[in-house]
Amino acid sequence: MAKLNPEEALKYLRWRRIGDCTRCDLHRSRKHVVFGEGDSDADVMFIGEAPGVEEDHKARPFVGPSGTLLTWFIEQVGLRREQVYIANVLKCRPPENRDPEAEEIEACAPFLHTQIWLVQPKVIVALGRFAGNLLTGEPFMSMGKLRTGLWTYENAKTQMSVPIVPTYHPTYVLRKRGSVVERQTKLKVISDLQKALRYVEEGDELSV
Ligand code: SF4
């Protein structure tokens with residue numbers, strides 16, 4: 001078989017490897033598998049927690065209000081949504097948007113690791129504490145501490161080492177709507193995304 005380019009390999013992963021996946025119980029309640037979307041050659045990869053109700057309905061990540069806000073954040077740092085890659089840790093929506101369970105993560109995470117390997121981003125932006133905890137390997141750390149640390153995604157299997165920038169999930173920002181905290185958090189997210197872009201420009205040398 002001819003060697004696949006990243007875009008073709010992502011399609012192969014989605015339709016031949018994941019397909020109508022039943023590897024965990026979330027397949028019983030989902031409407032669609034929400035694989036991910038964006039530039040298969042993106043420098044910046046955004047990773048959230050799991051699809052919500054609108055994502056489950058439309059089979060796309062970060063649509064609806066949280067997606068609109070994420071797109072706005074991306075544009076605030078001079079990028080377009082089409083230039084990045086967006087995915088979630090879980091590809092199927094947990095009922096009532098509950099937190100993912102350990103066995104669901106164990107079943108689904110290999111797909112995410114393969115996505116990261118295929119896209120080969122220069123930086124990963126972890127959206128929210130859940131994705132931040134998982135990708136940094138710090139399961140109990142608060143977002144406040146995650147944001148101020150220096151983190152790297154390490155994968156022994158693929159031999160990848162990619163800087164991680166954890167930041168607030170757009171849904172968290174939406175929950176603070178109309179408050180001082182909303183404005184403050186938006187500024188923090190923009191600052192985090194600017195930091196992520198410095199990783200793209202300066203590589204692993206960035207230390208502040
Ligand atoms: Fe499969 Fe992942 Fe969906 Fe579970 S969450 S059914 S492992 S695609």
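Does glutamine 120 count as buried, partly exposed or exposed, and what is its relative accessibility? Keep that question in mind; the tour comes back to it. What you have open is a predicted model.

**Stop 1: the whole chain**

Start by showing the chain as a cartoon. You can follow eight helices and six strands. Walking from the N terminus, the elements come in the order α-β-β-α-α-β-α-β-α-α-β-β-α-α.

Now turn the view around. Along its principal axes, the C-alpha trace spans about 45 × 40 × 30 Å. The chain has a radius of gyration of 16 Å, which agrees with the value near 17 Å for a compact globule of 208 residues. If you colour by accessibility, buried residues account for 51% of the 208 residues.

**Stop 2: the ligand**

Next, select the ligand and zoom in. The ligand sits in the largest cavity. Show the side chains around the ligand: Cys21, Arg23, Cys24, Leu26, His27, Arg30, Lys91, Cys92, Ala107 and Cys108. What kinds of residue make up this shell? Six are nonpolar, one is polar and three are charged.

Several cysteines appear in that list, among them Cys21 and Cys108. Select cysteine 21: with a relative accessible area of 12%, it is buried, because the cut-off for buried is under 20%. Then select cysteine 108, which is also buried, at 8% relative accessibility.

With cysteines on screen, how many disulfides does the structure hold? The count is zero. As a reminder, a disulfide is a covalent bond between the sulfur atoms of two cysteines.

**Stop 3: two loops with a positive phi**

Here is some background for this stop: most residues other than glycine have a negative phi.

Select alanine 59 and look at the backbone. Its phi is near 60°, a positive value in a residue other than glycine. Alanine 59 lies in the loop that links helix H2 (53-58) and helix H3 (64-76). The relative accessibility of alanine 59 is 31%, so this residue counts as partly exposed.

Now move on to glutamine 120, the residue from the opening question. Glutamine 120 belongs to the loop between helix H4 (102-119) and strand S4 (123-127). Its phi, near 55°, is a positive value in a residue other than glycine. And the answer: glutamine 120 has 46% relative accessibility, so it counts as partly exposed. The reasoning is that 46% falls between the limits, since buried means under 20% and exposed means over 50%.

**Stop 4: three strands**

Select strand S2 (residues 44-48), where you will find valine 44. Is valine 44 buried or exposed? Valine 44 counts as buried, because its relative accessibility is 5%. Keep valine 44 selected and add phenylalanine 130, which is 86 residues away along the chain. Draw a line between the two C-alpha atoms, and the separation is 19 Å.

Strand S5 (residues 151-155) comes next, with glutamate 154 in it. Glutamate 154 counts as exposed, because its relative accessibility is 54% and the cut-off for exposed is over 50%. Add proline 100 to the selection: these two residues are 54 apart along the chain, and their C-alpha atoms are separated by 22 Å.

Finish in strand S6 (residues 160-167), which contains serine 161. Serine 161 is partly exposed, because its relative accessible area is 41%. Which distance separates serine 161 from valine 123 in space? From C-alpha to C-alpha they are 9.5 Å apart, while in sequence they are 38 residues apart.

Technical notes:
Residues are numbered from 1 along each chain as its sequence is written. This is a predicted model: local features need pLDDT of at least 70, side-chain atom pairs count only at pLDDT 80 or more; totals for chains, interfaces and linings use all residues. Side-chain values use heavy atoms; hydrogens and water are left out. A residue is near a molecule or strand if one of its heavy atoms lies within 4 Å of it. On a 1 Å grid over the protein atoms alone, a cavity is a set of points where a 1.4 Å probe fits but cannot get out, and a pocket is an open set with protein on both sides within 12 Å along at least five of seven lines; lining residues have an atom within 4 Å of a point. A molecule sits in a cavity or pocket if more than half of its atoms lie within 2 Å of its grid points. Ala, Val, Leu, Ile, Met, Phe, Trp, Tyr, Cys and Pro count as nonpolar, Asp, Glu, Lys and Arg as charged, and the others, Gly among them, as polar. A disulfide is a pair of cysteine sulfur atoms within 2.5 Å. Buried means under 20% relative accessible area, exposed over 50%, partly exposed in between (1.4 Å probe, protein chains only). Helices (H or I, at least four residues) and strands (E, at least two) are DSSP runs, numbered from the N terminus. The radius of gyration is taken over C-alpha atoms; the globule rule is 2.2 Å times the number of residues to the power 0.38.
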